[in-house]
Amino acid sequence: MEYDFLFIGKSAADKALRAEMRSIMNILSPSILSADFWKLGEDIKAVEGAGVPWLHVDVMDGLFVPSISYGMPVLKAVRPHTDMFLDVHLMIEKPERYVEEFAACGADLVNFHLEATEDVKGCIDKIRATGKKVGITIKPATPAEAVEPYLELVDMVLVMTVEPGFGGQKLIPECLNKVAVIRKMITDRGLATDLEVDGGINLDNVALALDAGANVIVAGSAVFKDDIAANAKAFLAKMQ
Ligand code: DX5
Ligand code: ZN
């Protein structure tokens, strides 16, 4: 399969860019959206025991996205039982209403969608003031350039690789081109911003996402099925 991001080619500058991308730490962030909520604690311990550093918490409000998931009480319940970095992905309208509360409930990083607010800068500032890390997210139809004005202000950019709202969808490959564009923006500015992908990532395509320049990988349905620890370990092995 050919992807445009292969524009990072064979020149010396391109090789340096690849080397730089490789030296960035890769992180797995399994999404509990696909966990079994009857035994959520057990499922979380399975990924933690496998050596996974982050946990991705998807919050949906039924407005910004068609579905409703879970919110503060679940985050609050999980927080005291794990040292994993809690990566909270808010898929909610006007996230500025709730970012402080999510920080107080135990998020290590609060991530919101650019499309969900008219006050991106204000929302970034509110999260920053809590002392937690800040993430911004774009949907598949939002161009890579939309994140450019905020790159210096955030710790992570999340590029959705499916339409947000549901787990278990198929990766939209064109979104990986945006990952490559944003990785170049980050590198050109000498920033250490993390670049996350979310949606439809599995063991067969995770290498494509890493090659495009992502260093934080969300995986829901590919981790929370069958032998969870074995799935997580297989991802970690592919991501070294
Ligand atoms: C989708 C969520 C994702 C989802 C990923 O709106 O943001 O985090 O759980 O699930 P998979 O990996 O199954 O696509
Ligand atoms: Zn997510």
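I take buried to mean under 20% relative accessible area, exposed over 50% and partly exposed in between, with a 1.4 Å probe and protein chains only. The model is predicted, so I note that local features need pLDDT of at least 70 and side-chain atom pairs count only at pLDDT 80 or more, whereas totals for chains, interfaces and linings use all residues. Residues are numbered from 1 along each chain as its sequence is written, and side-chain values use heavy atoms, with hydrogens and water left out.

I looked up strand E7 (residues 194-198), strands being DSSP runs of at least two residues (E) and helices of at least four (H or I), numbered from the N terminus. Five of the five residues of E7 are buried, so this strand is largely enclosed by the rest of the structure. On one side I find Asp194, Glu196 and Asp198, and on the other Leu195 and Val197, all buried.

Next I checked the neighbours of E7, where pairing requires at least two DSSP bridges between two strands. Strand E6 (residues 156-160) runs parallel to E7 and is joined to it by five bridges, with Met160 opposite Asp198. E7 also pairs with E8 in the parallel sense, over two bridges, and Ile217 in E8 is the bridge partner of Val197. The chain passes from E7 to E8 through helix H7 (residues 206-212) in a right-handed β-α-β crossover, meaning that, with the strands pointing away from the viewer, the path from the first strand over the helix to the second runs clockwise. I recorded a right-handed β-α-β unit for E6, helix H6 (residues 175-188) and E7 as well.

Note on methods: Chains are lettered from A and ligands numbered from 1 in the order in which they are written.
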